[in-house]
Amino acid sequence: MSKIAVTGCGCICAAGADTDAVWRAIQAGLVNNRADSNHLFLEREDVPVFAVPHLALPAIFAEAVAERAAGGELNRTIILTLTAVAEAIGAANLTVAQLRTKRVGIALGTTVGCTFNNEDYYIQWQKGESPDPGPVHRYLSANLAERVQDILGVRGPRAVVTNACASGTDAIGLAKMWLDHDLCDLAIAGGADELSRIACQGFNSLMLVSQNSCTPFGAKRDGLNLGEGAGILCLEKEAEATASQREIKGWVCGYGAANDAYHPTAPHPEGRGLQDAVSQALAAAGLGLADISLINAHGTGTPANDRAETAALSALGLGEETTPIVSTKGATGHTLGAAGGIEAVLTLLALGSGKVSGTIGCHTPDPELAVPVLSAGEEARLSGRMGISQSLAFGGGNSALVLEGGGP
């Protein structure tokens, strides 16, 4: 299959309100988390979370949303998505009117789309009360791809991918396949998730949450910090992007997915599924691991994830060579279904710039990791423009993208 061009990127998370702001924060090593003020963890208000401080519907969608008011209130996940979509299509020099003349695929990953933020309704209902039905309407109108397609007013294939924390990566891989098989002219793909009490309580019950700022790959890492955000790519066939004289920011060259079939929440200790996913992605791109100059790891900061991930890379043949391995979750938090989209954007930015900053929070890497990682405060020059962005998910899901950075 051919390479698919990335003509626009959009990103929002706790590190910044747009792609440039997030990139600057990562280069500066900023950590913009704060104590849980919304009681997402009930009695653990001291737990840091990576929340987006200011969020508003992009102006370009205000009229369309007003016209479709009957579709129900927009939840926070949808607004995060629309914010990143607005930036991505703007970066591609595309207008909504132009999109409506094309077959536009919409593939979006999310964990639950925050349809579980309706607990108060069910508590009242179980007590025999008559609560306001607003939360039910929000639940029924919370299909992320459907809402975005409706607001954009476009036609084409659409899908919501819910493969836990690999959802955003899988959505980009799905969009690439649509374009490879001429099912659409252009695709909007990535992931989005907002913070929700259900998700926070779930991770807390598994004892995976750190009460301090997370330290991916660190020697004393003790868990992750949860976050929210959205990362979106505007994808086109390379020939059509070139013919339209749109600047190409990079390429999606390969995608792979595989399952550990090992445990409901824990990764296989040797990263068996990740090995298969990375091998598939490299084969699809016609490359070997030696061609890769950057690996943006899932890197959550949990002991099991970081060990399994580096074990998989070692088993694939990565050794002591200088291929930088980093995680960006020290700056963004673990944004669940949004993680793959956000990290694909950040991987492309690093590849395009020719350099990468070390893993924020990881000042002393765990010496027992199977391969070395780039620690906080370090910077590495990249030997080429090919990189991997990889995701691991509950249920044993593993996904990987081979990306190529743009630029002169």
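Reader: Which residues does H268 touch, not counting those up to four places away in sequence?
Author: Keep in mind that this model is predicted. You'll find H268 in the loop between β8 (250-259) and α11 (272-285). With residues up to four places away in sequence left out, the ones H268 touches are D260, Y262 and A308.

Reader: Is H268 buried or exposed?
Author: The cut-off for buried is under 20% relative accessible area. H268 has a relative accessible area of 11%, so it is buried.

Reader: Let's move to I78. Which residues is it in contact with, leaving aside neighbours within four places in sequence?
Author: Start by finding I78 in helix α3 (residues 76-91). At 1% relative accessibility, I78 counts as buried. Leaving aside neighbours within four places in sequence, its contacts are S141, A142, L144 and R147.

Reader: What separation do the C-alpha atoms of I78 and A230 have?
Author: Along the chain, I78 and A230 are 152 residues apart. In space, their C-alpha atoms are separated by 9.4 Å.

Reader: Which residues of helix α2 are buried?
Author: Helix α2 covers residues 59-67. Its buried residues span an arc of only 100° around the axis, so they sit on the same side of α2. The face turned away from that buried side carries the exposed residues A59, E63, A66 and E67. The buried ones are F61, A64 and V65.

Reader: And what covers those buried residues of α2?
Author: The buried residues in question are F61, A64 and V65. Among the elements that cover them are α3, α4 (96-99) and α7 (144-152).

Reader: Over to helix α9: why do its buried residues end up on the same side?
Author: In α9 (residues 197-205), the buried residues are A199, C200, F203 and N204. They share a side of α9 because, around the axis, they cover an arc of only 135°.

Reader: Which residue just after α9 takes a positive phi?
Author: Helix α9 runs over residues 197-205, and the spot to check comes just after it. The phi there is about 60°, and the residue is M207.

Reader: How many aromatic pairs turn up in the whole structure, and what kind is the one made by F203 and F394?
Author: A search of the whole structure finds two aromatic pairs. In one of them, Y121 and Y122 have ring centres 5.1 Å apart and planes at 90°, so that pair is edge-to-face. For F203 and F394, the ring centres are 5.2 Å apart and the planes lie at 25°, so this pair is stacked.

Reader: How many residues apart in sequence are the parts that F203 and F394 tie together?
Author: F203 is buried, with a relative accessible area of 8%, whereas F394 is partly exposed at 26%. F203 belongs to helix α9, while F394 is in the loop between β13 (386-392) and β14 (397-405). The pair therefore ties together parts whose separation in sequence is 191 residues.

Reader: Back to the tyrosines: is Y122 buried or partly exposed?
Author: Its partner Y121 has 15% relative accessibility, so Y121 counts as buried. Y122 has 36% relative accessibility, so it counts as partly exposed.

Reader: How are α8 and α14 arranged relative to each other?
Author: Two packed helices are described by the angle between their axes and the distance between the axes. The axes of α8 (residues 167-180) and α14 (residues 339-353) come within 5 Å and cross at roughly 70°. That makes the arrangement of α8 and α14 roughly perpendicular.

Reader: How many charged residues does the contact of α8 with α14 have?
Author: On the α8 side the contact uses G168, T169 and I172, and on the α14 side G340, G341 and A344. Sorted by class, two residues are nonpolar and four are polar. The charged count is no residues.

Reader: One last pair: how far apart in space are I295 and L313, C-alpha to C-alpha?
Author: I295 lies in strand β9 (residues 294-296) and is buried, with a relative accessible area of 0%. L313 is among its contacts, which also include L318, T323 and P324. The two residues are 18 places apart in sequence, and their C-alpha separation is 9.6 Å.

Terms used
Residues are numbered from 1 along each chain as its sequence is written. This is a predicted model: local features need pLDDT of at least 70, side-chain atom pairs count only at pLDDT 80 or more; totals for chains, interfaces and linings use all residues. Side-chain values use heavy atoms; hydrogens and water are left out. Axes are lines fitted to C-alpha atoms, for helices over the stretch in contact, and angles run from 0 to 180 degrees between N-to-C directions. Helices (H or I, at least four residues) and strands (E, at least two) are DSSP runs, numbered from the N terminus. Angles under 35 degrees count as roughly parallel, over 145 as roughly antiparallel, 65 to 115 as roughly perpendicular and the rest as oblique. Contact means heavy atoms within 4.5 Å. Ala, Val, Leu, Ile, Met, Phe, Trp, Tyr, Cys and Pro count as nonpolar, Asp, Glu, Lys and Arg as charged, and the others, Gly among them, as polar. Buried means under 20% relative accessible area, exposed over 50%, partly exposed in between (1.4 Å probe, protein chains only). The arc is that of the directions from the helix axis to the C-beta atoms. Rings of Phe, Tyr and Trp (its six-membered ring) pair if their centres lie within 6.5 Å; planes under 30 degrees apart count as stacked, over 60 as edge-to-face and the rest as tilted.
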